[in-house]
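Welcome! Take a moment with the sequence and the model below, and then let us walk along the chain together.

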Amino acid sequence: MTSDDKPDRMLTRGVEDSLVTEFARERRSTYGDFLELKTLLNIQHTFQDPAEPDEMLFIIIHQVSELWLKLMHHQLVETRRFLQRDEIGPALKNIDRIKAIQRQLIAAWETLLTMTPADYLTFRDALGNSSGFQSYGYRQIEFILGNKDVSTLAVHRHDPEVMEALNAALTKPSLYDEVIKLLARQGFDVPDDLLERNFSEPYSGDPRIVAIWVEIYRDTDRYWDLYALGEKLMDVETLFQRWRFDHATAVERVIGMQPGTGGSSGVAFLKKALELKFFHDLYDLRTALVQRPEGGA
């Protein structure tokens with residue numbers, strides 16, 4: 001091959017004649033308009049001027065996580081609606097999407113951990129008293145999953161709009177409350193006191209519902225949809241616990257055992273969340289299933 005035969009490495013894809021390149025000035029006519037990119041990409045305001053190198057990383061990771069939380073809450077609301085209508089198949093499909101969202105949230109910690117303690121200290125003071133505990137998007141998810149702790153509303157009292165949304169979420173049946181109602185409509189003997197309870201209070205499990213789950217798990221062919229629902233709920237629980245664990249681990253790696261910016265004890269406070277459960281009956285079910293008769297091996 002002579003020098004004249006060398007391939008042209010500067011070739012470009014070009015623009016096909018059919019591609020639209022002329023746009024009217026009407027709203028949302030382009031990709032950027034549709035996604036409101038001028039707004040979205042211009043809300044990453046750093047804490048200091050000039051900014052420290054890792055401020056943008058910190059902001060974008062948390063903003064993107066809030067968007068995933070928003071989508072997760074949207075899908076949880078949709079799943080609850082499907083359960084209310086006895087549409088178990090669509091509910092199961094939706095839970096698969098929720099699990100995929102959870103994996104995205106978990107992956108964010110790996111990116112954040114490219115920030116070292118020395119990097120973080122360059123802007124930590126500029127955060128003031130802000131803290132992830134103040135995320136009302138996260139609070140909405142905890143409420144719909146059943147962790148209804150009214151004391152957590154204290155950090156939102158300054159914002160009436162947020163308080164209104166969270167109080168509404170607090171009083172609505174959780175996702176698992178709707179599962180219990182579904183069991184009743186499927187013909188199981190669910191006590192009235194569980195169907196008509198105060199939904200602003202957390203549900204910590206009931207042996208009468210555990211007995212129903214035991215029946216389902218011992219006859220999976222007959223109750224396959226409900227069995228699959230129980231297992232997918234446990235998937236959500238497991239992924240949520242993994243997200244909490246990775247959060248605590250990331251914080252400990254960056255600030256050690258120092259108090260958090262929002263006034264909490266930091267890592268110690270985050271680790272307490274690992275003791276929380278959403279679907280108590282589904283845990284107790286496992287104990288009941290593997291119990292051996294007295295005197296058995």
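Our starting point is Glu-36, which sits in the loop between helix H1 (31-34) and H2. Please keep in mind that this is a predicted model. The backbone at Glu-36 has a phi near 50°, a positive value in a residue that is not glycine. Most residues other than glycine have a negative phi, and most peptide bonds are trans. Glu-36 has a relative accessible area of 37%, so with the partly exposed class running between 20% and 50%, Glu-36 counts as partly exposed.

Moving on, we enter the loop between helix H2 (37-40) and helix H3 (55-84), where Leu-41 is found. Leu-41 has a relative accessible area of 55%, and because exposed means over 50%, Leu-41 is classed as exposed. Leu-41 also has company: together with Leu-40, Ile-43 and Leu-67, Leu-41 forms a nonpolar patch on the surface. The accessible area of these four residues together is about 350 Å².

The loop between H2 and H3 also holds Pro-50. Have a look at the peptide bond that leads from Asp-49 to Pro-50: this bond is cis, with omega near 5°.

Our last stop is the loop between H3 and helix H4 (88-112), the location of Asp-86. What can be said about phi at Asp-86? Phi of Asp-86 is near 60°, which is again a positive value in a residue other than glycine. As for its surroundings, Asp-86 is partly exposed, at 35% relative accessibility.

Definitions and conventions. Residues are numbered from 1 along each chain as its sequence is written. This is a predicted model: local features need pLDDT of at least 70, side-chain atom pairs count only at pLDDT 80 or more; totals for chains, interfaces and linings use all residues. Side-chain values use heavy atoms; hydrogens and water are left out. Patches are made of residues with over 30% relative accessible area and no salt bridge: like charges are joined within 9 Å, nonpolar side chains (Val, Leu, Ile, Met, Phe, Trp, Tyr) within 5 Å. Accessible areas come from the Shrake-Rupley method with a 1.4 Å probe; for residues, only the protein chains shown count as cover. A salt bridge is a side-chain nitrogen of Lys or Arg within 4 Å of a carboxyl oxygen of Asp or Glu. Helices (H or I, at least four residues) and strands (E, at least two) are DSSP runs, numbered from the N terminus. Buried means under 20% relative accessible area, exposed over 50%, partly exposed in between (1.4 Å probe, protein chains only).
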